[in-house]
Amino acid sequence: MAKKRPQKPGKKAQLADGEIPVVGAREPCPCGSGRRYKACHGRAASHAVTELVQRPFEGLAGEGDWVALRELVPAATVELTLKDGLPEGVPSVTLATVLPLAWPALRREDGSVLLGLQNDTPSGDLSRDLADTLLRALEAKPGTPVEARRLPAQSAASAAERPRLQELLDPEAPFEPRVHSGFEFWVPEAEAGQTSPEVTASLERANEAAIPTARLTGVEWAYWCRTPEKNHLRWVMPHSEERLLDALARLHAAGASSLGEGTRLVGSFRAHGLTVPVWDLPTTMEAEDVEKPAAAFAERLAAALAEETPLTAEERRARGGLTNRQVTLN
């Protein structure tokens with residue numbers, strides 16, 4: 001077996017810990033040591049507080065919509081209201097599912113802020129990571145994106161000192177997502193035709209990949225979408241997983257879990273502490289066609305959730321089938 005050659009230190013000037021940017025674990029560490037990131041500064045980062053917060057959006061208005069926009073909806077925006085009001089020079093703050101070139105946030109030329117939701121985050125608390133990005137965006141120079149960064153390794157106590165979204169956003173303000181057919185909201189009308197080639201290319205790629213999606217109006221946190229094979233309804237629900245699965249099993253065993261002819265409850269996702277049942281729909285079933293069946297199902301589900309009797313053998317089999325068809329998204 002060949003002997004490993006000792007690694008020579010890099011010739012680049014060493015960077016301070018706070019200056020080390022985000023890189024892949026197997027890439028050379030940007031500090032200039034000549035070692036891979038995971039064996040250098042990544043070692044300290046791996047010992048940082050990474051305990052997963054199961055429900056990072058709990059306590060925010062529209063928790064289920066936050067989950068849907070994070071995991072299920074391609075293109076959507078929401079106007080956010082800060083608890084302490086907007087800083088001077090910031091006319092608005094808007095949450096967006098995705099931003100150009102996967103930027104975590106963007107401070108536009110007019111001073112407004114766009115905060116990206118569907119980005120990788122460096123810790124186990126998505127709420128703290130998004131709050132950190134938002135605070136940096138509020139102070140960024142107009143016309144510049146906010147870059148991803150690796151937060152320094154820290155103890156549980158120091159990590160808890162960083163604010164979360166729940167501390168920055170007004171809990172009483174409405175959370176009203178606006179679903180878009182594409183990502184043209186990236187570019188204000190006043191800047192149309194003035195974007196860089198990189199942003200233009202990113203916009204084209206994003207629009208090509210966007211799945212048509214619509215938010216139902218008659219029930220909370222439910223989203224219809226169209227795929228080439230069939231349509232779907234994906235419905236984020238606030239109930240505890242065990243209680244919800246029992247209720248769905250009761251309905252499924254009774255033949256009452258569908259949303260009408262040609263529809264079928266096929267399983268569920270787990271996402272950020274909530275359960276998201278999924279139905280297959282015919283390709284001819286549009287979002288407006290799902291409104292009444294979804295409202296009727298909500299009534300049946302409420303009755304099933306209130307049922308206290310033990311599950312029957314048939315209901316237990318139905319529950320086992322639903323459990324086997326769960327997928328965890330985060």
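Begin by selecting strand S2, residues 93-96, together with strand S4, since in this predicted model the two strands run parallel and are joined by four bridges. Within this pair, pick out Thr 94 on S2, and opposite Thr 94 you will find Leu 114 in S4.

Keep S4 selected, which covers residues 113-116, and look at the directions taken along the strand: Val 113 and Leu 115 point one way, while Leu 114 and Gly 116 point the other way. Are these residues of S4 buried or exposed? All of them are buried, whichever way they point.

Next, add strand S3, residues 105-107, to the view, where three bridges pair S3 with S4 in the antiparallel sense. The bridge partner of Leu 106 in S4 is Leu 114, the residue that also stands opposite Thr 94.

Now follow the chain between S3 and S4, which form a hairpin with five residues between the strands. Stop at Gly 111 in this hairpin, where the backbone takes a positive phi near 95 degrees.

For the last stop, leave the strands and turn to the cavity search. How many cavities of 30 Å³ or more does a search of the whole structure find? The search finds one, and the volume of the largest cavity is about 110 Å³. To bring its surroundings into view, select Ala 61, Leu 169, Asp 170, Ala 173 and Phe 175, which lie nearest the centre of the cavity among the 13 residues that line it. Taken as a whole, the lining of this largest cavity is made up of nine nonpolar residues, two polar residues and two charged residues.

Terms used
Residues numbered from 1 in each chain as written. Predicted model: local features only at pLDDT ≥ 70, side-chain atom pairs only at ≥ 80, totals over all residues. Heavy atoms only, no water. Buried < 20%, exposed > 50% of the residue type's maximum accessible area, 1.4 Å probe, protein only. Pairing = 2+ DSSP bridges. 1 Å grid on protein atoms, 1.4 Å probe; cavity = no way out; pocket = protein on both sides within 12 Å on 5 of 7 lines; lining within 4 Å. Points joined across faces, edges and corners; volume = space filled by probe spheres on them. Nonpolar A, V, L, I, M, F, W, Y, C, P; charged D, E, K, R; others polar.
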